[in-house]
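Reader: Please take a close look at a single part of this model and then place that part within the rest of the chain. A connected account is better than a list.

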Amino acid sequence: MDTLIRQAEACDIERVLSLCKKQCEFNRENHSPASLYDAEAAVLQAVVEKMRTSFQNRDGDTLFLLADKGQATCGYAVAKIYTEDPAADAGTGRTGLLEKLFLTEEARGSGLGQALMDEVMEWFQGKGIRRVRVEPYGWNERAKAFYEKCGFQEYSVTYEKFM
Ligand SMILES: CC(C)(COP(=O)(O)OP(=O)(O)OC[C@H]1O[C@@H](n2cnc3c(N)ncnc32)[C@H](O)[C@@H]1OP(=O)(O)O)[C@@H](O)C(=O)NCCC(=O)NCCS
């Protein structure tokens, strides 16, 4: 079945929130147990509510893409343009952020991630953006391999220590 990539509309709010929740659950399944000392239900609720606000407040500097297979939505991408801190020594000004990218398990491994990425990058280019960030977790080898295949390279790195 063909996949359709399209911009989310107001009526898609529940589809967006459902994918957001699934992505949060996916992350939590993969995080170090040492970092999961919080209440999962509260975190999920906060993540979904944050996404709801972000979707409701979307503007010309925000892109919400959905990937549909028939009636089902099997993936999404959320991209934003923000103004980098003027004191950021790695470069300032308007910067692209690929905030969310997620495919349901069955939709992975068949080029759909690339199709979403192509649309996102075209949107950034149309907006004159020359620098795009994405912040995968260190454990997410598949996502890191995917981004590298798409031309991203490791830049800033975050370390954590659990006590
Ligand atoms: C990351 C993701 C968007 C990539 O989309 P995709 O359509 O599955 O991507 P591809 O099929 O092109 O695979 C990307 C690369 O991942 C790697 N890969 C593929 N299958 C893999 C597997 N089972 N395990 C590890 N790496 C794998 C390969 O390097 C592959 O590149 P290749 O096709 O040149 O071999 C998708 O897998 C996904 O949604 N994963 C879960 C959510 C997630 O991690 N999102 C990113 C948050 S930062």
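Author: A residue counts as buried if 20 or more other C-beta atoms lie within 10 Å of its own, as exposed if 12 or fewer do, and as partly exposed in between, with C-beta atoms placed from the backbone. The model is a predicted one, in which local features need pLDDT of at least 70 and side-chain atom pairs count only at pLDDT 80 or more, while totals for chains, interfaces and linings use all residues. Residue numbers start from 1 along each chain as its sequence is written. Helices (H or I, at least four residues) and strands (E, at least two) are DSSP runs, numbered from the N terminus.

The part chosen here is helix α1. On the side of α1 turned away from its buried face sit the exposed residues E14 and E29. The buried residues of this helix are V16, L19, C20 and Q23. These four lie on the same side of α1, because the arc they cover around the axis is only 105 degrees, the arc being that of the directions from the helix axis to the C-beta atoms. In an α-helix there are 3.6 residues a turn, so residues three or four places apart point the same way.

α1 runs over residues 13-30, 18 residues in total, and its first and last C-alpha atoms are 26 Å apart, close to the expected 26 Å; the expected span is 1.5 Å times one less than the number of residues. The cover over its buried residues includes helix α2 (40-56) and the strands β2 (62-69), β3 (72-84) and β4 (93-103). Contact here means that the C-beta atoms of two residues, placed from the backbone, lie within 7 Å.

Now the chain around this helix. Four helices and five strands make up its elements, in the order β-α-α-β-β-β-α-β-α along the sequence. Of the contacts with a separation of 6 or more, 62% join residues 24 or more positions apart. Of the 163 residues, 18% count as buried. The radius of gyration of the chain is 16 Å, which agrees with the value near 15 Å for a compact globule of 163 residues; the radius is taken over C-alpha atoms, and the globule rule is 2.2 Å times the number of residues to the power 0.38. Along the principal axes, the C-alpha atoms fill a box of roughly 45 × 40 × 30 Å.

Beyond the C-terminal end of α1, S35 lies in the loop between α1 and α2. S35 is exposed because 10 other C-beta atoms lie within 10 Å. S35 and E160 are 125 residues apart in sequence, yet 9.5 Å apart in space, C-alpha to C-alpha. I13, by contrast, is 21 Å from E105, C-alpha to C-alpha, with their positions 92 residues apart in sequence. E105 belongs to the loop between β4 and α3 and counts as exposed because it has 9 C-beta neighbours inside 10 Å. N30 and L4, 26 residues apart in sequence, are 29 Å apart in space, C-alpha to C-alpha. L4 is in strand β1 (residues 3-7).

β4, which helps to cover the buried residues of α1, also takes part in the shell around the ligand. Among the 19 residues around the ligand, L103, R108, G113, R142 and A145 come nearest, where near means a C-beta atom, placed from the backbone, within 6 Å. The elements giving two or more residues to this shell are β4, α3 (112-126) and α4 (141-149). α4 supplies the largest share, six residues. None of the nine residues of α4 is buried.
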